[in-house]
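Take a look at the protein model below. Keep the sequence beside it as you read.

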Amino acid sequence: MRRGYLLVIVSLTAALAVAAVAGLALGPVRIAPAEVVRILTGGAEPSPLRTIVLDVRLPRVLLGAVIGAGLAVIGTVLQALVRNPLADPFLLGVSSGASAGAVAVIVLGIGAGAAMSVTIPAAAFAGAMASLALVYVLARGRGGAMTGARLVLAGVAVAYILSALTSLLLVTSADANHIQEVLYWTLGGLGSARWDMLALPAAALLAGTLLLLALARPLDLLLAGEEGATVLGLDTGRFRAAVFVLTSLLTGAAVAYSGAIGFVGLMVPHAARMIVGASHRRLLPVAALGGAVFLVAADLAARTAAAPQDIPVGVLTALTGGPFFLWLLHRGRSAEGVAA
């Protein structure tokens, strides 16, 4: 089993390397993979191709890997947290809060020029945390107890409210040029990736994943059900609240730089469980690598499918995630029919 797990890790790492090289080589300007490797290893002379690889495509590929890994890890944990196979990072309404914050800055013109590169992510993160606080308050029952069902309902309600607020801000805007900028946040994309955007989401992902790995056993206990986990000594209410806050912080850090990219946290965890099982100590690293591979490949398809038009990657993830969501619903209904 250990050799099989190591083989999975090595295979996903190799797939990520291949996807990254493809992401650096393909685009409106095609670059030979060998030339890409020479540029990355410092063997190429300064040239326009070197600038394209190092200053344009490499930050985008790295940001895609970081965001994809983060969303997959968050989705994996949320599905255990609420014991719902349809759970997704955006179930909490955090992405809607981030979008509302970013759109408010764009429409109201807070900051100008270079300052917008700081104010928009900051507002997106603040909006994500505000939605987190609202969901947290709504999800708490009597005595501060928090159940998975209440989290789902509170997250969906807050998401609808904030999405309506975002639409209101856009409709009342006097500047038609805001629509293009707003689409980035509502559909999700990596087109504005720069080197200075990598530090926060990468640090948040690394620290958050390590902490969640340390919590792998309590997460496994939640799979046994509320009563079973309590009997085994887990304070489910307090643990669920703490992990909810942590995953929301990670989601806010991701959405603040990529917009609302949906369904990555829904699809990848299911694929990872099919490969390595449900133990979170083994599952989380596989989900992280799988999410990175998936989003890097999806972003490559998004920017080459209709080149030179750059399709928001959130559109492609929704096109693949929507049918997957329906398949999960159908499978769940079939299972209920068999049980009946």
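This report covers the annotated spans, one helix pair and two pockets.

The model is predicted: local features need pLDDT of at least 70, side-chain atom pairs count only at pLDDT 80 or more, and totals for chains, interfaces and linings use all residues. Residues are numbered from 1 along each chain as its sequence is written, and side-chain values use heavy atoms, without hydrogens and water.

**Annotated spans**

An unreviewed UniProt entry places "transmembrane region" at residues 58-78, 90-112, 118-139, 151-174, 194-216, 241-263, 283-301 and 313-330. Such annotations may be inferred rather than shown by experiment. Two of these spans are set out here.

| Span | Distance between end C-alpha atoms | Helix | Strand |
|---|---|---|---|
| Residues 194-216 | 33 Å | 74% | 0% |
| Residues 241-263 | 23 Å | 78% | 0% |

Helices (H or I, at least four residues) and strands (E, at least two) are DSSP runs, numbered from the N terminus.

**A helix pair**

Helix H3 (residues 48-81) meets helix H13 (residues 280-304): their axes come within 7 Å and cross at roughly 135°. Axes are lines fitted to C-alpha atoms, for helices over the stretch in contact, and angles run from 0 to 180 degrees between N-to-C directions. H3 is therefore oblique to H13. Angles under 35 degrees count as roughly parallel, over 145 as roughly antiparallel, 65 to 115 as roughly perpendicular and the rest as oblique. The contact of H3 with H13 has 15 nonpolar, five polar and four charged residues. Here Ala, Val, Leu, Ile, Met, Phe, Trp, Tyr, Cys and Pro count as nonpolar, Asp, Glu, Lys and Arg as charged, and the others, Gly among them, as polar.

**Two pockets**

A pocket is an open set of points on a 1 Å grid where a 1.4 Å probe fits, with protein on both sides within 12 Å along at least five of seven lines; lining residues have an atom within 4 Å of a point.

The largest pocket has a volume of about 650 Å³. Its lining holds 23 residues, and Phe 90, Leu 91, Ser 95, Ser 96 and Ala 159 lie nearest its centre. Which helix supplies the largest share of this lining? H6 does, with seven residues. The lining of the largest pocket divides into 13 nonpolar, nine polar and one charged.

The second largest pocket holds about 500 Å³ of space. Of its 26 lining residues, Glu 181, Tyr 184, Trp 185, Gly 191 and Ser 192 are the closest to its centre. H7 gives the most to this lining, six residues.

Conventions:
Grid points are joined across faces, edges and corners, and a volume is the space filled by probe spheres set on the points.
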